[in-house]
Amino acid sequence: MPVHIDLSLCDGCAGNTESLCEEICPGDLFYRENGKARLREPSECWDCCACVKACPCEALSIESLLPASELRHRLSARIKADYILWKMYDDRGCIINQCRIPNRVVSADLTPGENTTRT
Ligand code: SF4
Ligand code: SF4
């Protein structure tokens, strides 16, 4: 499913020459119109969630990531200093689940050549 844009939350990354969603989308699918984000070719979206994580306004979400569910859930993300807060909404806009995923290695104990795979 393509990304959903909540135009009431999108501020168009005002002041930026290129919006964060335009900058990060690997498919170059975003553009702005009247100060709001738009998706150029929704069918070309890979569901990679890069834009969902990058949007500072939580205006972007992905629908129906759960193939086992017939409900239209949405997934949004909020970048924090050391983690990403993922929120799952039901079709009424209520949060039904959320989780924190660390997004940085905070330990400086790693030595060169050491396996840096995150767990
Ligand atoms: S990153 Fe978010 S706020 Fe900025 S233009 Fe895209 S959707 Fe709008
Ligand atoms: S989910 Fe990925 S491919 Fe789809 S619009 Fe966002 S950044 Fe682009």
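In the predicted model, ligand 2 is surrounded by 13 residues, of which Cys25, Cys45, Cys48, Ala50 and Cys51 come nearest. When the residues of this shell are divided by class, 11 are nonpolar, 1 is polar and 1 is charged. Around ligand 1 there are 14 residues, and those that come nearest are Cys10, Cys13, Ser19, Cys21 and Cys55. The shell of ligand 1 comprises 11 nonpolar, 2 polar and 1 charged residues.

Among the residues nearest to the ligands, Cys21 and Cys55 on the side of ligand 1 and Cys51 on the side of ligand 2 recur in the description of the nonpolar interior. The largest nonpolar core holds 16 residues, and Val3, Cys21, Phe30, Cys51, Val52, Cys55 and Leu60 are those with the most contacts inside this core. At least two core residues are supplied by each of four elements, namely strand E3 (36-39), helix H2 (50-54), E4 and E5. In soluble globular proteins, nonpolar side chains tend to be buried together. For Cys55, once the neighbours within four places in sequence are left aside, the residues in contact are Leu20, Cys21 and Leu60. Across the protein as a whole, buried residues account for 18% of the 119 residues. Of the contacts with a separation of 6 or more, 35% are made by residues 24 or more positions apart.

The secondary structure consists of 2 helices and 7 strands, and these elements follow one another from the N terminus in the order β-α-β-β-α-β-β-β-β. Of the strands, 5 are assembled into an open sheet with the order E1-E4-E5-E6-E7, in which the pairing is antiparallel. The edges of this sheet are formed by strand E1 (3-5) and strand E7 (95-102), each of which pairs on one side only. Neighbouring strands of the sheet are turned against each other by 30° on average, with direction ignored. In general, the strands of a sheet pair through backbone hydrogen bonds, in either a parallel or an antiparallel sense.

Within the sheet, the individual pairings can be followed strand by strand. Strand E4 (residues 60-63) pairs with strand E5 (residues 74-79) in the antiparallel sense over 2 bridges, and Ile62 stands opposite Leu75 in E5. Strand E5 is in turn joined by 6 bridges to strand E6 (residues 83-89), again in antiparallel fashion, with Arg78 standing opposite Leu85 in E6. The connection between E5 and E6 is a hairpin that passes through 3 residues. Strands E6 and E7, which also run antiparallel, are joined by 7 bridges, and the bridge partner of Tyr83 in E7 is Pro102. A hairpin with 5 residues between the strands is formed by E6 and E7, and in its turn Gly93 has a positive phi of about 85°.

A further antiparallel pairing involves strand E2 (residues 30-33) and E3, which are joined by 4 bridges. In this pairing, Phe30, which is among the core residues with the most contacts, has Leu39 in E3 as its bridge partner. Strands E2 and E3 form a hairpin with 2 residues between them, and Asn34 in the turn has a positive phi of about 50°. Strand E3 thereby appears both in this hairpin and among the elements that each supply at least two residues of the nonpolar core.

Note on methods: Residues numbered from 1 in each chain as written. Chains lettered and ligands numbered in written order. Predicted model: local features only at pLDDT ≥ 70, side-chain atom pairs only at ≥ 80, totals over all residues. Near = placed C-beta within 6 Å. Nonpolar A, V, L, I, M, F, W, Y, C, P; charged D, E, K, R; others polar. Buried ≥ 20, exposed ≤ 12 C-beta atoms within 10 Å, placed from the backbone. Contact = placed C-beta atoms within 7 Å. Pairing = 2+ DSSP bridges. Axes fitted to C-alpha atoms, helices over the stretch in contact; angles between N-to-C directions. Core = buried A, V, L, I, M, F, W, Y, C linked by C-beta atoms within 7 Å.
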